[in-house]
Amino acid sequence: MATTSDRAIDPLDYVGVDALLSDDEKAIRDAVREVVRDRILPEVGDWFDKGILPREVFTEFGQMGFLGAHLEGYGCAGVNAVSYGLINHELEYGDSGLRSAVSVQGSLAMFAIWRWGSEEQKQQYLPRMAAGEVIGCFGLTEADAGSDPGSMRTHARQDGGDWIINGSKMWITNGTIADIAIVWAQTDDGIQGFIIEKGMPGFTAPEIHKKLSLRASITSELVMADVRVPDENRLPGVQSLRGPLSCLNEARYGIVWGVVGAARACYEEALSYATERIVFEKPLTAYQLTQQKLAEMVLEINRGMLMALHLGRMKDEGKLRPEHVSLGKMGNARGALEIARSARSILGGNGITLEYPVIRHMNNLESVFTYEGTHEVHTLVVGGAVTGVQAFR
Ligand code: TGC
Ligand code: FAD
C-alpha cells in the first residue's frame with residue numbers, strides 16, 4: 001500500500017491559519033483550549049446526557065475572563081474581535097452549549113446593556129455579569145415570532161414611573177438559571193428592551209425539556225403576567241428592532257468562529273478513528289471514499305477559519321457589516337453541520353453513541369443552523385445585499 005510519509009502538510013492546520021494569528025491571540029486561544037481539554041471534555045458528554053449545564057461553569061468562565069470578553073470597561077477583558085472569535089471557537093470545540101452560554105451572556109445580554117443601557121445600568125450589572133455572578137438571558141423570540149421578531153406580541157405599557165409587561169418568550173437560552181432577562185417588547189414608542197430581574201412578581205422562566213439538541217444548555221420559556229418594571233430598568237438607548245438586531249450581530253459573529261470549532265472536533269475524531277479502524281484488512285483511511293470525506297472536511301474547515309479570521313480583522317478595523325456576518329454564519333454553520341454528519345458516518349455504529357463527541361456536535365449544530373437567524377434568513381440577507389431586492393416578505 002502506498003503511504004505518504006514525511007508529510008509537508010499539517011492535517012490539523014492545512015493552510016497554516018495559525019501563522020496568521022498574533023502571539024497574544026495564540027496565547028488566548030491556547031488558554032481556552034487548555035480549559036476545554038481539562039475541565040470541559042471530561043464532563044460535557046455526561047452533561048449532555050443528563051440535560052444539564054452546571055451553574056459554576058459561569059463563575060469559572062467569568063474568572064477566566066471569557067464573559068463579555070470583547071467589551072471594553074466594566075470589568076470586561078476588552079480583547080480584540082479575533083481573540084473573542086477564538087474563545088468562541090475553542091469553547092464550541094467542547095460543545096455548542098458552552099459557546100451558547102457565553103454568547104448569550106456576553107454578546108446578547110451584556111452587549112444589550114453595554115450598547116443601549118444607562119450608565120447606572122452598566123455599573124450595576126456588567127461587572128457582576130463579567131464575573132459570572134449574575135447570569136443573563138435574552139428574550140426576543142416568541143412561539144409565533146421567530147424569524148420575524150417584529151411581529152412579537154409581548155407588550156409594555158407605561159403606568160406612572162413603571163412599565164407593565166405582558167407576553168411570553170420561547171426558546172430562551174439560560175432562561176431558567178438567569179438572574180436577569182433582557183426582554184424586548186412592543187411599546188407605543190417602538191420596540192424597547194427591559195431588564196427583568198428574577199423574582200419580580202408575575203415573571204417565571206420554566207425550562208423546556210425533551211430536547212435532542214443543545215442538551216448541555218438550558219433552554220426556557222419566559223412568561224410575563226403583569227410584570228411591573230421601574231423605568232430605570234428600561235434600556236434608554238433604542239426604540240426599534242435595531243436594538244435587539246444589533247446584539248444578534250455580535251452573537252452571530254461568535255458563531256461564525258464557533259461552529260468551525262465543533263467541525264474541527266468532528267474532523268479530528270473522524271481522522272483518528274479512520275486511522276485506527278481496520279475494515280477489509282486495511283485502515284479506513286486507505287479507502288478513496290473515506291479520503292474524499294476527510295478532504296471535504298479539511299476544505300470546509302480551512303475555508304471556514306479563513307472566513308472567520310477575515311471577518312474578525314474587518315470587525316477590528318470597524319468595517320464589518322451585518323451582511324458580512326450573515327454570509328459567515330450561513331456558510332460556516334452549514335459547513336459544520338455537513339462535516340458532523342460525514343464524520344458520524346465514518347464512525348459507523350460508534351458514531352451514534354455519546355462515547356464519542358460526534359453525534360453530540362451533530363445534534364447541537366441542528367440548533368445552531370436554526371438559531372441566531374435561520375439558514376434561510378441569512379440566505380435572504382445575502383440575497384438582498386447582492387440584488388438590492390428584499391425578499392423576506
Ligand atoms: P428591518 O425592517 O430590515 O429592520 C428593522 C430595523 O432594524 C435595523 N436592522 C439592523 N440593525 C442592526 N443589525 C442588523 N443586523 C439589522 N438588520 C436590520 C434596520 O436598519 C431597522 O432600523 P430602524 O432604525 O430603521 O428601525 O427588519 P425586518 O422586520 O424586515 O427583519 C429583518 C430580518 C428578517 C433580517 C430580522 O428580523 C432577522 O434577523 N430575523 C431573524 C431573527 C433572529 O435571528 N433571531 C435570533 C434570536 S436570539 C437567538 O437565537 C439566540 S440563540 C442562543 C445563542 O446565541 O447561543
Ligand atoms: P420560524 O421563523 O417559524 O421558521 C420556520 C422555517 O421557516 C425555517 O426553516 C425558516 O428559515 C423558514 N422561514 C422563515 N421565514 C422565511 C422566509 N421569509 N422565507 C423562507 N423561509 C422562511 N431566541 C431568543 O430570542 N433568545 C435565545 O436565547 C434563543 N435561544 C435559542 C436556543 C435554541 C436551542 C433554539 C432552538 C432556539 C433559540 N432561540 C432563541 C430562538 C431562535 O432564534 C429561533 O428558533 C429562530 O430565530 C427561528 O425561529 P422559529 O423557531 O420561530 O422558526
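Trainee: How do the residues of the shell around ligand 1 divide into nonpolar, polar and charged?
Mentor: This is a predicted model, and in it 26 residues surround ligand 1, with Ser100, Ser240, Arg252, Glu372 and Gly373 the closest. Sorted by class, the residues of that shell divide into 10 nonpolar, 11 polar and 5 charged.

Trainee: Which element gives the most residues to the shell around ligand 1?
Mentor: Two elements to look at are helix 4 and helix 6, each of which supplies at least two residues of the shell. The element that gives the most, with 6 residues, is helix 6.

Trainee: How far is the side chain of serine 100 from an oxygen atom of ligand 1?
Mentor: It helps to set this contact beside two others that ligand 1 makes through oxygen, namely one at 2.7 Å from a polar side-chain atom of serine 240 and one at 2.8 Å from a polar backbone atom of glycine 373. For serine 100, the partner is an N or O atom of the side chain, and the distance to an oxygen atom of ligand 1 is 2.5 Å.

Trainee: What share of the accessible area of ligand 1 does the protein cover?
Mentor: Taken on its own, ligand 1 has 1,100 Å² of accessible area. The part of this area that the protein covers is 74%.

Trainee: Which residues come nearest to ligand 2?
Mentor: The shell around ligand 2 has 8 nonpolar, 7 polar and 2 charged residues, and strand 3, helix 9 and helix 10 each supply at least two residues of it, with strand 3 giving the most, 3 residues. Of the 17 residues around ligand 2, those that come nearest are Thr141, Ser147, Trp171, Thr374 and Glu376.

Trainee: Which threonine has a polar side-chain atom 2.6 Å from an oxygen atom of ligand 2?
Mentor: Threonine 141 and threonine 173 can be set aside here, since their listed contacts are with nitrogen: a polar side-chain atom of threonine 141 lies 2.7 Å from a nitrogen atom of ligand 2, and an N or O atom in the side chain of threonine 173 is 2.9 Å from a nitrogen atom of the ligand. The residue whose polar side-chain atom lies 2.6 Å from an oxygen atom of ligand 2 is threonine 374.

Trainee: Which space is taken by ligand 2?
Mentor: The space taken by ligand 1 is the largest pocket, which holds about 1,400 Å³ of space and is lined by 49 residues, with Gly146, Leu248, Arg252, Glu372 and Gly373 nearest its centre. By class, its lining has 21 nonpolar, 19 polar and 9 charged residues, and the largest share, 7 residues, comes from helix 6. The space taken by ligand 2 is likewise the largest pocket.

Trainee: Which element gives the most to the lining of the largest cavity?
Mentor: A search of the whole structure finds 1 cavity of 30 Å³ or more, and about 50 Å³ of space lies in the largest cavity. Its lining includes Val259, Glu300 and Gly331, and the elements that give two or more residues to it are helix 6, helix 7 (288-316) and helix 8. By class this lining has 6 nonpolar, 4 polar and 1 charged residues. The element that gives the most, with 5 residues, is helix 8.

How values were computed
Residues are numbered from 1 along each chain as its sequence is written. Chains are lettered from A and ligands numbered from 1 in the order in which they are written. This is a predicted model: local features need pLDDT of at least 70, side-chain atom pairs count only at pLDDT 80 or more; totals for chains, interfaces and linings use all residues. Side-chain values use heavy atoms; hydrogens and water are left out. On a 1 Å grid over the protein atoms alone, a cavity is a set of points where a 1.4 Å probe fits but cannot get out, and a pocket is an open set with protein on both sides within 12 Å along at least five of seven lines; lining residues have an atom within 4 Å of a point. Grid points are joined across faces, edges and corners, and a volume is the space filled by probe spheres set on the points. Helices (H or I, at least four residues) and strands (E, at least two) are DSSP runs, numbered from the N terminus. Ala, Val, Leu, Ile, Met, Phe, Trp, Tyr, Cys and Pro count as nonpolar, Asp, Glu, Lys and Arg as charged, and the others, Gly among them, as polar. A residue is near a molecule or strand if one of its heavy atoms lies within 4 Å of it. A polar contact is a pair of N or O atoms within 3.5 Å; within protein, one must be able to donate a hydrogen and the other to accept it, and residues adjacent in sequence count only if both atoms are side-chain atoms. Accessible areas come from the Shrake-Rupley method with a 1.4 Å probe; for residues, only the protein chains shown count as cover. A molecule sits in a cavity or pocket if more than half of its atoms lie within 2 Å of its grid points.
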